[in-house]
Amino acid sequence: MSTVAGEMDHNDHHHHAPSGITRWFFTTNHKDIGSMYLWFSFIMFLVGGSMAMVIRAELFQPGLQLVEPHFFNQMTTVHGLIMVFGAVMPAFTGLANWMVPMMIGAPDMALPRMNNWSFWILPFAFAILLASLFMEGGGPAFGWTFYAPLSTTYSSDSTALFVFSVHIMGISSIMGAINVIVTIMNMRAPGMTYMKMPLFVWTWFITAFLLIAVMPVLAGAVTMVLTDKYFGTSFFDAAGGGDPVLFQHIFWFFGHPEVYIMILPSFGIISAIIPAFSRKRLFGYSSMVYATAAIAGLSFIVWAHHMFTTGMPVAAEIFFMYATMLISVPTGVKVFNWVATMWRGSISFETPMLFALAFVILFTIGGFSGLMLAITPVDFQYHDTYFVVAHFHYVLVTGAIFSIMAAAYYWLPKWTGHMYNETLAKWHFWTSLISVNVLFFPMHFAGLAGMPRRIPDYSLQFADINQIVSIGGFAFGLSQLIFLAVVIKCVRGGEKASAKPWEGAEGLEWTVPSPAPYHTFETPPEVK
Amino acid sequence: MTDNNPTPNPRPDNARVIRRLLFVVVGMFGFGFALVPLYEVFCDITGFNGRTKNEQAAVNTRQVDTSRTINVQFITRVNTGMPWGFKPEVTSVRVHPGETKVVNFLANNPTGQNMVAQTVPSVAPGEAGLYLNKTECFCFNQQPLAAGAKTKMPMQFYLDPDIPKHIHTLTLSYTMYDMTANAQPDVLATFEATSAD
């Protein structure tokens with residue numbers, strides 16, 4: 001045992017009094033908080049996933065079998081809200097908590113007490129949201145986009161709970177984003193200039209700015225819904241001089257940057273994993289940084305492509321169509337750079353790399369269907385059909401969630417000090433990959449044939465396709481239990497991981513032992 | 001703390017960064033609400049979202065352009081919960097740009113109560129809204145209607161001859177809202193006057 005390790009233990013005792021459950025309540029340690037975020041997000045993933053199972057079970061056959069339409073609507077709504085705000089966003093915040101300080105050579109996040117708060121208000125937000133499902137009249141049933149007047153005139157009495165839970169989620173994300181920005185700006189190790197930061201740090205830096213720019217707009221939108229419903233204002237009520245279309249503008253002004261909030265950190269993760277398993281440096285580092293910034297900037301001027309069918313003037317439709325298509329340029333740069341990184345690399349196919357490769361291909365498919373949706377004249381056909389559902393599940397499930405899985409496998413040895421079970425992980429990957437395509441790919445065809453989204457019943461011609469989709473859905477849901485098993489096994493034991501278990505990996509996080517000690521980089525490393 | 005700690009760099013000013021970021025957060029929260037009046041202004045200027053000039057236009061002095069004929073269609077609807085009947089006398093008229101036309105709309109109040117309504121116009125395509133000038137319209141004011149009464153409400157309009165060449169048809173849609181609870185006092189006073197007779 002080296003003296004270094006001895007000192008480390010000593011420091012642990014010195015700095016950290018609380019143990020047991022209070023450790024988790026009162027912790028200000030970025031690794032503890034990161035782990036809590038990741039576990040929370042995984043639990044929410046399973047909760048939101050079981051709602052998806054209810055949806056797919058109901059849609060297994062035409063007609064109404066299992067649930068009432070009103071309950072079905074609550075399932076689609078809460079599934080969306082949970083997956084967006086409860087699964088994907090907290091998973092990224094958890095990864096940022098764990099990895100950003102270690103990647104920039106900082107001892108912790110800049111604002112550790114606020115970090116504790118921003119995590120611990122989240123379970124309350126989701127407790128409120130989920131509890132509203134058990135109220136008389138049911139929970140939110142207006143879609144995760146809560147369009148007025150569905151969320152105002154026609155919503156159930158529990159809408160106030162939905163509004164407050166979104167407020168809390170927003171406050172949590174804003175606090176998390178401020179923490180990330182301050183950490184990155186003020187706590188980089190000496191020599192860690194902005195253009196030396198790993199791309200995961202860069203993409204999160206830009207994401208954090210998107211968060212503080214648009215989460216307040218969401219807070220404003222839900223507040224207007226609240227006052228329209230309960231206090232007699234008419235922001236969105238035409239009878240009082242308001243305009244329901246205005247709701248869509250405000251919502252999507254938040255909503256479009258939001259979808260990039262859910263994908264930019266993925267780009268950072270993939271940009272770490274592909275070079276590591278190709279044993280080559282990332283191709284076009286600075287173009288990756290600029291492409292990320294360009295995507296973030298463009299995200300503010302494309303929101304109305306969600307609203308082509310609201311009767312916009314042709315000039316506006318054309319503007320939003322071209323602006324949207326422009327986003328594929330920086331995104332194309334990224335895909336090109338990933339492929340160029342692999343070109344002539346010495347590639348090995350461990351599970352993180354498999355998920356990263358699946359990400360590149362399947363996310364690109366999601367991008368292509370996005371381009372199709374951007375074409376105004378054909379969007380009138382695709383709008384509100386299963387084609388849209390297929391599109392955003394390709395970018396969110398095989399995009400964001402696959403990248404989170406890739407990140408988990410990539411950094412699990414660093415977090416736990418053990419190697420995960422590669423065989424089981426490969427089973428998880430292959431079952432997920434096959435089932436996710438059985439689940440989402442046929443949805444494109446159902447949508448093109450005219451099947452509307454958010455409907456509990458459908459006409460007979462869609463029966464076969466929905467049966468296939470549902471089977472894919474159940475298989476994908478079950479596959480995620482393998483992931484849970486892999487993680488639990490890895491936390492409990494397994495082959496000892498070295499400080500740098502991936503030979504091609506780069507970055508400061510691999511210079512500390514595995515598992516990462518409770519406190520890292522108390523003396524800042526020197527970055528050359 | 002150990003005593004021989006070398007003096008670290010002056011602590012970076014977290015508070016300043018946080019202040020600035022919070023300023024952005026508060027500003028963007030305000031921006032969300034500022035979108036409401038901004039949207040109003042934007043719609044009024046561009047005719048976006050079918051907004052029309054809902055005020056009395058100057059008397060028509062424009063030359064009639066007989067080389068073009070535009071089909072103007074009328075649609076009426078009542079808001080959910082509004083019990084009135086509301087119909088245009090004709091569903092469409094063909095007009096030359098610059099020509100003045102009058103179209104009557106019929107309303108009846110089938111309930112046992114005196115009620116007040118307000119109609120709100122919308123034009124499709126949106127860009128045509130800017131060229132539709134109304135010299136007289138029931139939609140400028142609230143409409144009182146006694147229990148069981150009927151009325152014929154005129155709307156006089158002309159199309160600006162500058163209306164873009166590609167517009168051959170435009171649709172004027174009126175939605176009628178129940179305003180009894182929020183009626184202006186002078187409108188309510190008309191009921192008193194009639195009952196006094």
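# A guided tour of chains A and B

Begin with chain B and select strands E2, E4, E8 and E6: in that order they form an open sheet of four strands with antiparallel pairing. The model in the viewer is a predicted one. Now colour E2 (85-88) and E6 (132-137) of chain B separately. These two strands stand at the edges with a single partner strand each, so one side of each has no neighbour in the sheet. Following the sheet across, one finds a twist that averages 25° from one strand to the next.

Next, keep E2(B) in view and add its partner E4 (residues 100-108) of chain B. The two strands run antiparallel and are joined by four bridges. To see one pairing in detail, select B:Phe86, whose bridge partner in E4(B) is B:Ala107. While the side chains are displayed, a general point may be kept in mind: in a regular strand, side chains alternate between the two faces of the sheet.

**The five-stranded sheet**

Hide that selection and display E3, E1, E9, E5 and E7 of chain B. These five strands make an open sheet in that order, and their pairing is mixed. Which strands are at the edges? They are E3 and E7 (143-145) of chain B, each of which pairs on one side only. From one strand to the next, the twist in this sheet averages 30°.

Strand E1(B) is a useful place to examine the mixed pairing. First select E1 (residues 70-78) with E3 (residues 92-95) of chain B: they run antiparallel and share four bridges. Within this pair, B:Val72 has B:Val93 of E3(B) as its bridge partner. Then select E1(B) with E9(B), which pair in the parallel sense over eight bridges. Two positions can be picked out here: B:Asn71 is opposite B:Thr169 in E9(B), and B:Phe74 is opposite B:Leu172 in E9(B).

**The domains of chain B**

Now view chain B as a whole and colour it by domain. Domain 1 covers 14-46, while domain 2 covers 53-196. How many ångströms separate the C-alpha centres of domain 1 and domain 2 of chain B? The two centres are 36 Å apart.

**Where chain B touches chain A**

Display both chains and select the residues at which they meet: 25 residues of chain B are in contact with 25 residues of chain A. On the chain B side, helix H1 (14-46), strand E5 (115-124) and strand E9 (169-178) each supply at least two of these residues. Which of these elements gives the largest share? That element is H1(B), with 14 residues. Colouring this side of chain B by residue class shows 17 nonpolar, seven polar and one charged residues.

**A helix pair in chain A**

Finally, turn to chain A and select helix H14 (residues 351-374) and helix H16 (residues 386-416). Their axes come within 8 Å and cross at roughly 160°. The two helices H14(A) and H16(A) are therefore roughly antiparallel to each other. Is the crossing of H14(A) and H16(A) left-handed or right-handed? The crossing is left-handed. To complete the tour, show the side chains in the contact of H14(A) with H16(A), where the residues comprise 19 nonpolar, nine polar and no charged.

Methods
Residues numbered from 1 in each chain as written. Chains lettered and ligands numbered in written order. Predicted model: local features only at pLDDT ≥ 70, side-chain atom pairs only at ≥ 80, totals over all residues. Contact = placed C-beta atoms within 7 Å. Nonpolar A, V, L, I, M, F, W, Y, C, P; charged D, E, K, R; others polar. Pairing = 2+ DSSP bridges. Axes fitted to C-alpha atoms, helices over the stretch in contact; angles between N-to-C directions. Parallel < 35°, antiparallel > 145°, perpendicular 65-115°, else oblique. Left-handed = near helix turned anticlockwise from the far one by under 90°. Domains from an automatic or database assignment.
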